[in-house]
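Colleague: Could you take me through this model? I should like to begin with the strand pairing.

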Amino acid sequence: MKFLDSEKFSTLSSALSMVAASSGKQLLVKLEGYSCKHTSNDKKRYKQFLHERGATPQAGDDDSGEEEAAAPAAAEEAMSVGQSFSLSRSLPRSAGELGIPNPGSNVQMLGPAQTVVSPYGKLQVETCSLRTLFFLASSLNLSFPDYEFLQSDSQNFSKEPQIDMVINSIDSTLGTTIGAEYANLKQDLWSAIDSDISLRNSTVYSYTPENDGADLLAEDEHAVWSFYYFFYNKRARRIVLFTCMSVSDERQQRSAEVSDDEDTFAEMEQ
């Protein structure tokens, strides 16, 4: 994995933070590109990553196992959040029929982007290859070097069903937080991401830090909300990581107080 420096991404990240600050909000924004080509160190870490999950490198160990596991046909059409349904066909009786990977498989279950509750349990299972999971976690490691994401549970990651839903969610979140000024940045933001990664050829994953040892949100008592999205173009072997955390006024006040204290201390030493 390699960080790909992008002036456009840096400018947009700064612009989003500055516009938020002008409206009295604080956003910690990261918009970063990464190459998924293995370095020699990556190869060693990947082997260790597989070993810890009871898997071994295999010929053709790529993302070929990344198709969605199919839900039972009768449930597939009715599946939506909060929607109840019944099954007229016999229920699957084994993990294999549900598409759940076998222990030691190079395919891992992901957390659901949308949770469906039924009397029959989870009827749709999202999966991705361990190689893809390694790429996602490694990009977070590079972006947040004080944390270790390769130990994260695979179910802290989700495969998003539709890229348009992700774009709309981000637009809604940032528009609500920043206000009308976001409309002036939105077109440039998505044009830059599309130019770098080709959105129509990308799969979107998200990371939810809840119940994870690398919970960035939980460690910041003044954090209000956060999102972590990966736009992954498998063919181009690139990832665009887009993360954002909103922090409360108390953190800004505390930061200002610390800065004032440091200035006072510096003056006393002179």
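Modeller: Strand E6 (residues 203-207) and strand E7 (residues 223-233) pair in the antiparallel sense, over four bridges. Strands pair if DSSP finds at least two bridges between them, and helices (H or I, at least four residues) and strands (E, at least two) are DSSP runs numbered from the N terminus. This is a predicted model, in which local features need pLDDT of at least 70 and side-chain atom pairs count only at pLDDT 80 or more, while totals for chains, interfaces and linings use all residues. Residues are numbered from 1 along each chain as its sequence is written, and side-chain values use heavy atoms, with hydrogens and water left out.

Colleague: Which residue in E7 is the bridge partner of tyrosine 205?

Modeller: Phenylalanine 230 is the partner of tyrosine 205.

Colleague: What is the order of the strands in the open sheet?

Modeller: The six strands run E1-E2-E8-E7-E6-E5, with antiparallel pairing. Strand E1 (2-4) and strand E5 (157-159) are the edge strands, each pairing on one side only. On average, neighbouring strands of this sheet are turned by 30 degrees against each other, direction ignored.

Colleague: Which helix lies across E2, E7 and E8?

Modeller: Helix H7 (residues 183-197) lies across strand E2 (26-35), E7 and strand E8 (238-247), and runs at about 150 degrees to E8. Axes here are lines fitted to C-alpha atoms, for helices over the stretch in contact, and angles run from 0 to 180 degrees between N-to-C directions.

Colleague: Turning to H2, which of its residues are buried?

Modeller: Asp42, Tyr46, Phe49 and Leu50 are the buried residues of H2; buried means under 20% relative accessible area, exposed over 50%, and partly exposed in between (1.4 Å probe, protein chains only). Seen down the axis of H2, these buried residues fall within an arc of 95 degrees, so they line one face of the helix. The arc is that of the directions from the helix axis to the C-beta atoms.

Colleague: What do they pack against, and which exposed residues are on the face turned away?

Modeller: The buried residues of H2 pack against helix H5 (130-143), contact meaning heavy atoms within 4.5 Å. The face turned away from the buried side carries the exposed residues Ser40, Lys44, Lys47 and His51. Just after H2, glycine 54 takes a positive phi of about 70 degrees.

Colleague: Is leucine 140 in H5 buried or exposed?

Modeller: Leucine 140, in helix H5, counts as buried because its relative accessibility is 0%. Leaving aside neighbours within four places in sequence, leucine 140 is in contact with Phe149, Phe157, Tyr207, Tyr228, Phe230 and Leu241. Leucine 140 and leucine 241 are 101 residues apart in sequence, yet 8.0 Å apart in space, C-alpha to C-alpha.

Colleague: And how many aromatic pairs does the structure hold?

Modeller: The structure holds 17 aromatic pairs. Rings of Phe, Tyr and Trp (its six-membered ring) pair if their centres lie within 6.5 Å; planes under 30 degrees apart count as stacked, over 60 as edge-to-face and the rest as tilted. Phenylalanine 3 and tyrosine 34 form an edge-to-face pair, at 5.8 Å centre to centre and 65 degrees between the planes. Phenylalanine 3 lies in strand E1 and tyrosine 34 in strand E2, so the pair ties together parts that are 31 residues apart in sequence.

Colleague: Which residues do ring pairs link into a cluster?

Modeller: The cluster comprises Phe144, Tyr147, Phe149, Phe157, Tyr207, Tyr228 and Phe230.
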